[in-house]
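Reader: I have not seen this structure before. Please take me through it in questions and answers.

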Amino acid sequence: MATARTFVWVDQLHRVVAYFSLCPHEIHRETIPITLGRGSPRVIPAILLARLALERGLHGQGLGTKLLLDALSRAVNAVTAAGGRFIVVDAIHEHAAKFYLRHGFAALPASSLRLVMKSSDAEASLASASQ
């Protein structure tokens, strides 16, 4: 059973240097801030961005941001095709959570490692990044 799709970046030697997975998800309205959940059903369709990773030797070159933009672009396309309101990520640690916060995600009250972004905000960020 296919529950996620994994996207892989490879270098010129065909070695994996980065990857991320996307899968259907849902988030309960009571777990998100009122300002984000207003007008939503009790259970909100979402896309989970899972396991975003970049080879350590490539950190600090802006490639993490490019990888995240690739993931957000694909997540927005999935939401457009199948529906949904949020992109959800579970950061592996606080340093990773700060990365997502810098890119427009919001931490949920129950856990600073669970973050969300409205898909419409992701779409707007992608539009401004391409200009």
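Reader: Which residue just after H2 takes a positive phi?

Author: This is a predicted model. Helix H2 covers residues 63-82. Just after H2, a positive phi of about 100 degrees is taken by Gly83.

Reader: What distance does H2 reach from its first C-alpha to its last?

Author: H2 has 20 residues. At 1.5 Å a residue, a span of 28 Å is expected. The reach in the model is close to that value, at 28 Å.

Reader: Is Asp70 of H2 buried or exposed?

Author: Buried residues are those under 20% relative accessible area. Asp70 has 19% relative accessibility. It is listed with the buried residues of H2, including Leu67, Leu68, Ala71 and Leu72. Asp70 therefore counts as buried.

Reader: Which residue meets Asp70 in a salt bridge?

Author: The partner also lies in helix H2, four residues from Asp70, about one turn of the helix. An α-helix has 3.6 residues a turn, so residues three or four places apart point the same way. The two side chains meet at 2.8 Å, N to O. The partner, at 35% relative accessibility, counts as partly exposed; it is Arg74.

Reader: How many salt bridges does the count come to?

Author: The pair Asp70 and Arg74 is one of them. The side chains of Asp11 and Arg15 also meet in a salt bridge, at 2.7 Å, N to O, and Asp11 is buried, with a relative accessible area of 16%. Arg114 and Asp90 form a salt bridge as well. The count comes to three.

Reader: How many residues apart in sequence are the parts that Arg114 and Asp90 tie together?

Author: The side chains of Arg114 and Asp90 meet at 2.7 Å, N to O. Arg114 lies in strand E6 and Asp90 in strand E4, so the pair ties together parts that are apart in sequence by 24 residues.

Reader: Where on H3 do its buried residues lie?

Author: In helix H3, residues 94-102, the buried residues are Ala96, Ala97, Phe99 and Tyr100. Seen down the axis of H3, they fall within an arc of 155 degrees, so they line one face of the helix.

Reader: Which residues are exposed on the other side of H3?

Author: The buried residues of H3 pack against strand E3, H2, strand E4 and strand E6. On the other side of H3, the exposed residues are His95, Lys98 and Arg102.

Reader: Which residue that follows H3 has a positive phi?

Author: Helix H3 spans residues 94-102. The phi of the residue in question is near 100 degrees. That residue is Gly104.

Reader: What is the phi of Arg51, which is not a glycine?

Author: His14 has a positive phi of about 65 degrees although it is not a glycine. His14 is found in the loop between E1 and E2, and at 66% relative accessibility it counts as exposed. Arg51 lies in strand E3 and is exposed, with a relative accessible area of 66%. The phi of Arg51 is positive, at about 60 degrees.

Reader: How far apart in space are Ala46 and Glu26, C-alpha to C-alpha?

Author: Ala46 is in strand E3 and is buried, with a relative accessible area of 4%. Leaving out residues up to four places away in sequence, Ala46 touches Cys23, Pro24, His25, Glu26, Gly84, Phe86 and Val88. Ala46 and Glu26 are 20 residues apart in sequence, while their C-alpha to C-alpha distance is 5.0 Å.

Reader: Is Ser119 buried or exposed?

Author: Ser119 lies in helix H4, residues 119-129. Leaving out residues up to four places away in sequence, it touches Val76, Val79, Gly84, Arg85, Phe86 and Ile87. Its relative accessible area is 11%, and the cut-off is under 20%. Ser119 is buried.

Reader: What is the area of the nonpolar surface patch?

Author: The patch is made by Val8, Val10, Val16 and Tyr19. Strands E1 and E2 each supply at least two of its residues. Val10 lies in strand E1 and, at 46% relative accessibility, counts as partly exposed. The area of the patch is about 330 Å².

Note on methods:
Residues are numbered from 1 along each chain as its sequence is written. This is a predicted model: local features need pLDDT of at least 70, side-chain atom pairs count only at pLDDT 80 or more; totals for chains, interfaces and linings use all residues. Side-chain values use heavy atoms; hydrogens and water are left out. Patches are made of residues with over 30% relative accessible area and no salt bridge: like charges are joined within 9 Å, nonpolar side chains (Val, Leu, Ile, Met, Phe, Trp, Tyr) within 5 Å. Accessible areas come from the Shrake-Rupley method with a 1.4 Å probe; for residues, only the protein chains shown count as cover. A salt bridge is a side-chain nitrogen of Lys or Arg within 4 Å of a carboxyl oxygen of Asp or Glu. Buried means under 20% relative accessible area, exposed over 50%, partly exposed in between (1.4 Å probe, protein chains only). The expected span of a helix is 1.5 Å times one less than its number of residues. The arc is that of the directions from the helix axis to the C-beta atoms. Contact means heavy atoms within 4.5 Å.
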